[in-house]
Amino acid sequence: MTRPAVMRSLPFNRRTLLLGLLGLALLLGLLLFAGPATSPLESGSTWHRGPAGYSAWYESLEQQGIAVQRWQRPVDDLLKRLGEAEDATVTLMQNSASSETLVAVLPGFIDESELPALLPWLPDWVEAGHQLVILGVKAPATAAPFSQTLSSQAGPVQIDTRRRYTAGSRLGVELADDYGAIVWQQAIASKPVTVAATPHLGANAYLDRPGNFALLTALVAGAGQRVWIDEYLHGYRDEEAIAAEVGGDSWLNYLARTPLVILLAQILVVTLIALLAFNRRLGQRRSLAAPTIDNSRAYIQALAGVLHKANSHDFVVQTVSQAERLQLQKNLGLGHTLLPIEQLQRAWNEQPGRPNIDLAAILNPPLPKTESQLRDWLQRVQSLHYPGDSTGDTSGHD
């Protein structure tokens, strides 16, 4: 008798090992597919030490003794701070407000039409008389070689872009070739602004190109003015700026500013870990119903297995033959007393529609010597009950 498979609980040590391996695989998957990646905003940041960062150039300014400072709040706050410096007891600078320079390294090539949205403070800054240097304003691509070294007053400068500024008025050109300008000055809000067609003029990738660092340094600190680096543009915020944006540092504010996708991903990971830890599926645990045991059927199957192993063909033939004769007598209405085979044959032949079968050959056969002979005899016995089935196939019957 076939019983339904039952899942057995694993031993504690093996189950713990499997859970640990599953948890480790899940953790590695999260690190691989959901690990922190470099944000595009970090390109051009003085905190970023990758090839697109400006950390090496910022350190070179400090080594030269140039007054430089990262600004991690809105530029409007810097304007207000500079405006109040003249009347403050302790001023922020020794120079006048007009000697300030702000450097905005754009996180990639940004079209000039997008600058008002990205740098909304730009008109106020230049109208206040401050200097501004913007690196990464998108210019049209030309037929210029992608990578070339150009001469400048600061030395050889490596340029890796085909973009050149060719249209529009220019107040001055700091770096150019036959295809157009790479670093130039143009009027924005009626004031001169230094613009570069590449955001990588002084990136870490050009650490072995001193001309790049020297040219950028001359652009931002040529007259000894104080240099401010806009890090707010790259997503860096100081504590006061963060508190002003989110309205506090409570966990509710953290949840309010956290993207919904991240929250759902965290909930999913915690749920999976909990399910693995408790070794349960979703829903209530259901007990496996105990199967109904048929004692007669189980006894017959067990006895058949013993007889099969002992090759007791004679016992099987005698037992089955006697049972079949009694069953056949009942079907023919001859009672329960065992009758001679000849009388049983006459009653069989008198029944209409019965095939011509030699009952003696079936119910008193010679003892089979092999298992195949026994199987053939059992098929002939089955033909007594299913005369239309010549093959003895009893599929679907017990």
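What span should the 12 residues of helix α6 have at 1.5 Å a residue, and how far apart are its end C-alpha atoms? Select residues 210-221 in this predicted model. The expected span is 16 Å, and the end C-alpha atoms are 16 Å apart, so the two values agree.

**Helix α6**

Keep α6 selected and colour by accessibility. Of its 12 residues, 9 are buried, so the helix is mostly covered, taking buried as under 20% relative accessible area. Near the start of the list are G211, N212 and F213, followed by L215, L216 and T217. L219, V220 and A221 complete the buried set.

**From helix α2 to the loop before it**

Next, select E59 and R49. These two side chains form a salt bridge, with the closest N and O atoms 2.9 Å apart. E59 belongs to helix α2 (residues 55-63), while R49 sits in the loop between α1 (12-33) and α2, so the pair ties together parts that are 10 residues apart in sequence. The partners differ in cover: E59 is partly exposed at 31% relative accessibility, whereas R49 is exposed at 61%.

By the rule applied here, the model has 4 salt bridges.

**R73 and D77**

Move to R73 and D77. Their side chains meet in a salt bridge, at 3.4 Å from N to O. R73 is partly exposed, with a relative accessible area of 23%. D77 is partly exposed as well, at 26%.

**Strand β6 and the loop leading to it**

Now select D177 and R164. The closest N and O atoms of this salt bridge are 3.0 Å apart. D177 lies in strand β6 (residues 172-177) and R164 in the loop between β5 (157-160) and β6, so the bridge ties together parts 13 residues apart in sequence. Are these two residues buried or exposed? Both D177 and R164 are buried.

Add D238 to the earlier selection of R73 and D77. Salt bridges with shared partners join R73, D77 and D238 into one network.

**A nonpolar patch**

Finish with L17, L18 and L21, shown as a surface. Together these residues form a nonpolar surface patch with about 280 Å² of accessible area. L21 is located in helix α1. At 47% relative accessibility, L21 counts as partly exposed. For viewing any helix here, one point helps: an α-helix has 3.6 residues a turn, so residues three or four places apart point the same way.

Terms used. Residues are numbered from 1 along each chain as its sequence is written. This is a predicted model: local features need pLDDT of at least 70, side-chain atom pairs count only at pLDDT 80 or more; totals for chains, interfaces and linings use all residues. Side-chain values use heavy atoms; hydrogens and water are left out. Helices (H or I, at least four residues) and strands (E, at least two) are DSSP runs, numbered from the N terminus. The expected span of a helix is 1.5 Å times one less than its number of residues. Buried means under 20% relative accessible area, exposed over 50%, partly exposed in between (1.4 Å probe, protein chains only). Patches are made of residues with over 30% relative accessible area and no salt bridge: like charges are joined within 9 Å, nonpolar side chains (Val, Leu, Ile, Met, Phe, Trp, Tyr) within 5 Å. Accessible areas come from the Shrake-Rupley method with a 1.4 Å probe; for residues, only the protein chains shown count as cover.
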